[in-house]
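Please look over the sequence and the structure shown here, and then read the questions that a newcomer might put to them.

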Amino acid sequence: MSPVPTEDAYDRIRMRQWSRGRARSAGVDRRDLLKLVAAASASVPLASVAAPARAADRLPGVVKPLPPELFTLRGTNAETKFAALRDTGLLTPADRFFVRNHTATPRIDRADWKLTVWGDGLRGGPVDFTYADLRRLPSVTRTAFVECAGNGRSFFTSQQGQAVSGTAWTLGAIGTARWRGVRLSDVLRRAGIGRHAVDVLPRGLDAEVVTDGVNLGRVRRPLPVAKALDDVLLAYEMNGKPLPPDHGYPVRVVVPSWVGIANIKWVGDIEVSAEPLLTPWNTGLYRLFGPGYPPEGSAPLTRQTLKSAFELAPGASFPAHRRALLTGRSWSGGAQVRAVEVSTDGGAHWRAGRLRDEPRAGSWVRWTADWVPRERGPAVLLARATDRSGRTQPVATAHNTQGYLFDAVVRHQVTVV
Ligand SMILES: Nc1nc2c(c(=O)[nH]1)N[C@H]1C(S)=C(S)[C@@H](COP(=O)(O)O)O[C@H]1N2
Ligand SMILES: [Mo]
């Protein structure tokens, strides 16, 4: 089932093309891309991560309410509080699902919306699909998490003392939903994708992104054709209802197990290219930069990594000598979660957590563990997952300047009273 060799091959080829200048820069000046890469490899001040989160009920640019008991606001984004997932099931209700907006949620009328598929990777000219056209195609349903590649970024700083740039997420830049829509492969085949197609570039209808005086254009990131024809959806429903405006209404891309940025919201057009494509989102952004990586960065990121989180507020308190039920979730973009271990003494002793869900690829598992705290004072809770590929969460994650793919065990401070 896993297309891993294909992904690896794609990355190797794309890296060679990038370094020899053979890939085409889609919609942004190649010199600007090179500047982005240079900026990405520079180290950055801690201040960018230490920027204080705000408390408010609303964010301009986000349509849904963001009550402080459910969300922490970070710039244009809203992080889900893990404690607010404790009373939810496997699926994250749309009103608690994190929001990552480069700019602002656009208001789109589905009667005016269409999807244009175009490019030199098609056998013929551009093909349009209305919302009604998509609804007439066979539908598929799939449970999948969407997780930002920078989820957990703030722990590079708070646990490892390292500077990283980007939104200072803790662990709440993830949600799991049941997505319904059509297969991207069905749409690409109907649009006449040719055998020579190599990259598929969905683009959002939200505003162009301007950073440091450079207009990066609209949010877009190429998918290798092998992935695009595999398990990618064009989703129009989230948890049985039309997509909410903030999560991509009327149609978004869902790329199970891959970095959040692959899941383009408010998709308006898809370029199918016979040449490899480069955009800011697969060159300066969403690669690993830093001492251990080449100057042009690692290969573009594909799958998410392995993580665990307690459904608890930071600094939560527990009464001594009373049995507490600890709950949490673990997930991996690499393979199903196989086991979760929990420590309530800062990592000296570990015991097995009880899994509450049948582990499935692309989803998370809920787990529980009992704890009877004995000593009053501060305590550190840890949860550590292992997936079926044999990976276990490490003690530390190798540094990268933009703080992507943090996978180390998080130390959750609590107090016994
Ligand atoms: N058009 C568009 N698509 C987008 C984004 C965006 O800003 N614009 N953000 C991306 C990023 S970085 C992430 S992590 C996910 C977040 O999806 P969500 O807001 O539905 O949680 O959407 C991705 N798709
Ligand atoms: Mo993201």
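The turns below ask about empty spaces, a ligand and a loop.

Q: How do you know which features may be described in this predicted model?
A: In this predicted model, local features need pLDDT of at least 70 and side-chain atom pairs count only at pLDDT 80 or more, while totals for chains, interfaces and linings use all residues. Residues are numbered from 1 along each chain as its sequence is written, chains are lettered from A and ligands numbered from 1 in the order in which they are written, and side-chain values use heavy atoms, with hydrogens and water left out.

Q: What makes a space count as a cavity, and how many cavities of 30 Å³ or more are there?
A: On a 1 Å grid over the protein atoms alone, a cavity is a set of points where a 1.4 Å probe fits but cannot get out, and lining residues have an atom within 4 Å of a point. By this rule there are 3 cavities of 30 Å³ or more. The largest cavity holds about 260 Å³, and among the 21 residues lining it, Arg 100, Arg 252, Gly 260, Asn 263 and Lys 265 lie nearest its centre.

Q: Why is the other kind of space called a pocket, and how much space lies in the second largest pocket?
A: A pocket is an open set of points with protein on both sides within 12 Å along at least five of seven lines, and the second largest pocket has about 480 Å³ of space. It is lined by 23 residues, of which Phe 155, Thr 170, Leu 312, Pro 314 and His 412 are the closest to its centre. Strand S17 (306-310) is one of the elements that give two or more residues to this lining, and S17 gives the most, with 3 residues; a strand here is a DSSP run of E, at least two residues long.

Q: What makes the approach of Asp 206 to ligand 1 a polar contact?
A: A polar contact is a pair of N or O atoms within 3.5 Å, and a polar side-chain atom of Asp 206 lies 2.6 Å from a nitrogen atom of ligand 1, so the pair meets the rule. A polar side-chain atom of His 247 lies 2.8 Å from an oxygen atom of the ligand, and a polar backbone atom of Asn 263 is 3.0 Å from a nitrogen atom of ligand 1.

Q: How do you know whether the peptide bond between Tyr 249 and Pro 250 is cis or trans?
A: The bond joining Tyr 249 and Pro 250 has an omega of about 5° and is cis. Pro 250 is found in the loop between strand S13 (241-242) and strand S14 (252-254).

Methods. Grid points are joined across faces, edges and corners, and a volume is the space filled by probe spheres set on the points. Helices (H or I, at least four residues) and strands (E, at least two) are DSSP runs, numbered from the N terminus. A polar contact is a pair of N or O atoms within 3.5 Å; within protein, one must be able to donate a hydrogen and the other to accept it, and residues adjacent in sequence count only if both atoms are side-chain atoms.
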